[in-house]
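Hi,

Here is the structure I promised to pass on. Have a look at it first, and then read my notes below.

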Amino acid sequence: AERYNPREMEPHWQNVWNQNQSFIARNDDPRERYYVLEMFPYPSGRIHMGHVRNYAMGDVLARYHRAQGKNVLHPMGWDAFGLPAENAAIERKQNPGPWTRQNIASMREQLKSMGLSIDWTREIATCEPDYYQHQQALFIDFLAAGLITRKKSKVNWDPVDMTVLANEQVIDGKGWRSGAPVEQRELTQWFFKISDYADELLAGLDGLEQWPEKVRLMQRNWIGKSEGLRLLFEIAQGSETGATSIDVFTTRPDTIFGASFLALSPDHPLTGQLAATDPALATFVDECHSLGTSTEALEKAEKRGYLTHLTVKHPVIEGATLPVYVANFVLMDYGTGAVFGCPAHDQRDLDFARKYDLEVNPVVLPPGADAAGFVIANEAYDEAGTIFNSEFLDGLSIEDAKRAATAFFAERTVDGRPQGTVEINFRLRDWGISRQRYWGCPIPVIHCEVCGTQPVPKKDLPVILPEDVSFDQPGNALDHHPTWKNTTCHQCGGAARRETDTMDTFVDSSWYFARFTAPQATTPTDPKAASAWLPVDQYIGGVEHAILHLLYSRFFTRAMQKTGHVAVAEPFKGLFTQGMVTHETYKSAAGDWVLPTEVLIEVHGEKRTAKRLGTDAPLTIGSIEKMSKSKKNVVDPDEIVATYGADTARWFMLSDSPPERDVQWTEAGVEGASRFQQRVWRLVGETAALNEQSKDIVVKKDDKEAVVLRKTTHRAVHAISDEIEGLRFNRAVAQVYELTNALVRAAGVMAAAPESRLDALHDGVSRLVQVIAPMMPHLAETCWAALGHQGLVADAPWPEVDPSLLIDDEIIIPVQINGKRRGELNVARGTPRADLEQQVLSLDVIVRMLEGKAPKKLVIVPDRIVNVVI
Ligand code: ANZ
């Protein structure tokens with residue numbers, strides 16, 4: 001038989017699907033909807049194996065649910081704005097537009113060669129005006145709805161990339177791309193008021209049952225709701241500043257007796273006031289600023305402080321005072337920008353206390369510890385215990401002591417205010433979206449000297465990003481554009497300046513899933529289409545987006561709901577985070593990484609060695625790592641598709657590991673997948689040949705072999721459906737292997753009794769082809785046609801499962817008449833009561849004894865016994 005040739009068949013079927021418009025979703029299709037979406041790619045130029053894995057998974061679901069008779073939406077687009085394109089543009093002194101569009105064109109071809117069931121009529125690219133004009137309209141609506149503000153804010157400034165960086169773009173105090181130490185600057189920025197939604201975003205997580213728990217937890221921590229106390233400390237020394245008290249935020253009022261210092265943020269107003277007359281303090285503050293604003297940077301940095309001349313009264317220890325420091329670990333934009341330090345029970349405070357020789361007073365005693373012998377060495381104790389050394393709090397648990405201290409401070413006053421008030425703080429900050437970058441969505445705003453800052457009227461949208469810019473100077477090219485920047489005010493007709501900041505690219509990806517539901521709509525969404533399709537039933541992507549992208553999208557959806565663009569609050573009903581694709585690494589003697597395609601592996605029993613192809617120079621086999629250009633351990637999907645075909649790549653990606661785990665790409669694994677493809681093809685060939693030979697036979701009832709085969713088939717289909725629905729693709733694959741083995745065995749014994757077996761084989765092989773269609777769609781189409789089926793397997797309904805064939809064993813149920821055994825029923829285990837009743841009443845003995853009358857009573861215990869009372 002001829003070998004299956006993917007190189008010939010794959011483009012053929014892609015063409016057929018395309019001509020048939022097989023994967024175009026219609027908004028007016030009344031069938032049940034299913035929206036499956038993989039995180040859209042950044043058009044870097046080439047797809048990588050991570051994409052292949054991601055899209056293969058999504059495609060299985062799309063094809064499966066389509067076969068289930070649903071109206072499936074499976075779209076694709078491009079997250080096309082952003083720094084890499086701009087950096088490439090600066091290097092080439094050429095606009096990022098053409099570069100990006102070329103990348104999109106080649107990646108689109110690559111994706112098409114994978115045979116994904118994508119509705120390409122809905123394709124969007126965020127860098128095109130027909131997308132971003134709607135984003136500008138959303139901005140204007142959000143602004144009108146009070147969801148956006150403009151405020152001065154400290155930003156991380158990358159002096160090399162000349163841009164503001166988000167906190168997560170600052171790594172160890174350095175810019176994520178430039179590696180330059182980050183500086184702080186104050187700029188007026190646009191902010192989305194995501195913190196207004198902190199409580200809602202937190203509560204909403206409870207309803208997201210089809211999200212991984214770890215992602216929900218990460219979001220919870222990011223939102224960081226914390227309930228505590230605003231506590232006032234009366235100033236003892238330093239009242240010449242005019243301040244009489246300092247507000248701190250604490251979540252541990254139970255530890256108040258252990259307080260040994262107060263610390264102010266370098267940005268606290270009081271710090272500024274003190275620094276004005278204290279040059280040493282001013283220098284210290286400057287040093288703190290060079291750290292960057294990220295929490296991560298602050299946490300890693302060595303704790304440092306500056307002792308001011310201020311002291312405060314200890315709030316519970318009569319006559320005692322506490323020194324006031326300015327400390328680099330206190331953030332101004334959290335709580336009140338001031339803390340009290342309790343070194344015994346907080347590690348930061350302890351590090352600080354050791355450094356500045358401050359008191360360490362334990363006040364929480366671990367369970368079972370001895371109060372007299374309990375000392376804190378270099379580790380703070382932050383777990384459960386009983387309060388001690390704390391007068392009226394002694395003996396209480398932490399929680400009870402928090403309540404008691406809270407009640408105590410609520411009763412007292414400082415400066416005429418209650419000394420303690422309950423306060424809730426969130427870690428979540430407003431989302432600063434201004435970027436001093438060219439390659440992004442222009443913020444649709446003008447600044448007029450007379451009328452102030454004004455949104456561009458919607459009728460004047462889009463504010464087009466000009467393409468005639470120059471990259472001769474560093475910084476934002478829009479700032480140097482001669483005419484774009486200058487405009488006239490639509491209100492007064494006077495001179496005005498366009499906002500030259502563009503939006504954070506996270507904005508672009510915060511609503512594309514909604515745009516896909518009506519990508520040609522003249523408004524951001526067609527609310528009818530959006531409410532019909534949203535939320536996305538299954539979203540699939542990398543866990544690296546677990547926090548920001550998903551949180552921003554959740555906020556955006558709420559904002560779009562408020563402004564009438566969508567009807568739901570949550571964008572993604574189901575979320576799946578896939579693992580990464582890994583590969584062995586190879587190193588030359590000189591220490592350079594070597595591409596897998598340049599490596600020859602030799603196997604000597606247990607041992608494997610590597611040498612360089614061509615030169616035979618020995619190489620070292622290194623660890624298995626995530627595929628990355630830097631370690632050169634990448635495999636190019638194009639080469640795999642050219643050598644083995646897309647189906648093989650897809651199959652391998654799905655088969656080898658649970659989808660949430662990493663999968664290791666190996667040559668042997670790919671070859672195995674390729675062999676399996678040929679095996680299926682041979683089985684189909686044999687089945688078709690047997691059919692052909694037995695054209696004229698008279699089909700008889702199934703014999704025992706055939707019954708077993710049908711059961712095996714139906715059970716496998718049942719299990720595979722279940723595994724696909726649960727996104728356990730590797731287990732679905734394992735079931736496919738088993739079914740194939742059974743069918744190959746059956747084909748071997750067919751000739752003995754074709755009249756009573758061939759139908760079961762043909763049916764089994766046909767079903768096999770159907771269940772592999774979501775994973776190896778091209779092979780499946782080829783097989784489907786070879787088996788003589790009309791139409792496309794892509795259009796065929798998913799094979800139905802006969803429940804009676806799922807039942808394992810048959811049992812014998814005794815049938816009694818008036819308590820005496822008179823016969824038996826031979827039935828499948830689990831046969832329901834109604835079926836048993838029917839079968840009993842048609843038993844010959846019963847029919848005879850009843851003489852046409854109804855029984856007085858019928859006692860049926862399924863799987864056990866039947867008693868007929870006459
Ligand atoms: C005294 C104390 C004693 C604290 C103790 C902790 C342990 P979460 O849960 O994250 O909200 N804190 C308050 N504001 C801060 C700021 N602007 N910058 C840095 N740290 C700040 O953390 C609340 C705790 O973090 C607060 O409780 C405060 O230290 C500190 F044994 O107060 B605690």
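Let me start with the helix pair that caught my eye: α2 and α18 are roughly perpendicular to each other, because angles of 65 to 115 degrees count as roughly perpendicular, under 35 as roughly parallel, over 145 as roughly antiparallel and the rest as oblique. The axes of α2 (residues 49–67) and α18 (residues 646–655) come within 9 Å and cross at roughly 90 degrees. (Axes are lines fitted to C-alpha atoms, for helices over the stretch in contact, and angles run from 0 to 180 degrees between N-to-C directions. Helices are DSSP runs of H or I with at least four residues, strands are runs of E with at least two, and both are numbered from the N terminus.) On the α2 side, the residues are Met49, Val52, Arg53, Ala56, Met57, Asp59, Val60 and Arg63, and they meet Arg650, Met653 and Leu654 in α18; contact means heavy atoms within 4.5 Å. The residues of this contact divide into seven nonpolar, no polar and four charged. (Ala, Val, Leu, Ile, Met, Phe, Trp, Tyr, Cys and Pro count as nonpolar, Asp, Glu, Lys and Arg as charged, and the others, Gly among them, as polar.)

Before I go on, some housekeeping. This is a predicted model, where local features need pLDDT of at least 70 and side-chain atom pairs count only at pLDDT 80 or more, while totals for chains, interfaces and linings use all residues. Residues are numbered from 1 along each chain as its sequence is written, and side-chain values use heavy atoms, with hydrogens and water left out.

Now the overall picture. The protein has 25 helices and 38 strands, and its C-alpha trace spans about 110 × 75 × 70 Å along the principal axes. Of its 870 residues, 53% count as buried, where buried means under 20% relative accessible area, exposed over 50% and partly exposed in between (1.4 Å probe, protein chains only). Among contacts between residues at least 6 apart in sequence, 71% join residues at least 24 apart.

A second helix pair is α19 (667–693) with α23 (residues 777–786). Their axes come within 9 Å and cross at roughly 10 degrees, which makes α19 roughly parallel to α23. Gln677, Val680, Trp681, Val684 and Ala688 of α19 make this contact with Leu779, Thr782, Cys783 and Ala786 of α23. By class, that gives seven nonpolar, two polar and no charged residues.

Then there is α7 (residues 213–223), whose buried residues are Val215, Arg216, Gln219 and Ile223. They cover an arc of only 100 degrees around the axis, which puts them on the same side of α7; the arc is that of the directions from the helix axis to the C-beta atoms. Among the elements covering them are α6 (198–207), β10 (225–237), β20 (420–426), α16 (548–562) and β29 (572–578). Just after α7, Gly224 takes a positive phi of about 55 degrees.

Since you will probably ask about cysteines: how many disulfides does the count come to? Zero, with a disulfide taken as a pair of cysteine sulfur atoms within 2.5 Å. The sulfur of Cys492 is 3.6 Å from the closest cysteine sulfur, in Cys448, too far for a bond. Cys492 is partly exposed, at 39% relative accessibility. For Cys127, the closest cysteine sulfur is in Cys441, 11 Å away and again too far for a bond; Cys127 is buried, at 3%.

A few backbone details are worth finding on screen:

- The peptide bond from Leu461 to Pro462 is cis, with omega near 0 degrees, and Pro462 lies in the loop between β24 (452–455) and β25 (486–488).
- Leu534 to Pro535 is also a cis peptide bond, with omega near 0 degrees; Pro535 lies in the loop between α15 (527–533) and β28 (536–542).
- Leu727 is not a glycine, yet has a positive phi of about 60 degrees. This residue is in the loop between α20 and α21 (729–748), and is buried at 9% relative accessible area.
- Asn818, not a glycine either, has a positive phi of about 45 degrees. Asn818 sits in the loop between β35 (810–817) and β36 (820–828) and is partly exposed at 47%.

Last one: Val699, in the loop between α19 and α20 (704–725), is exposed at 59% relative accessibility.

Cheers
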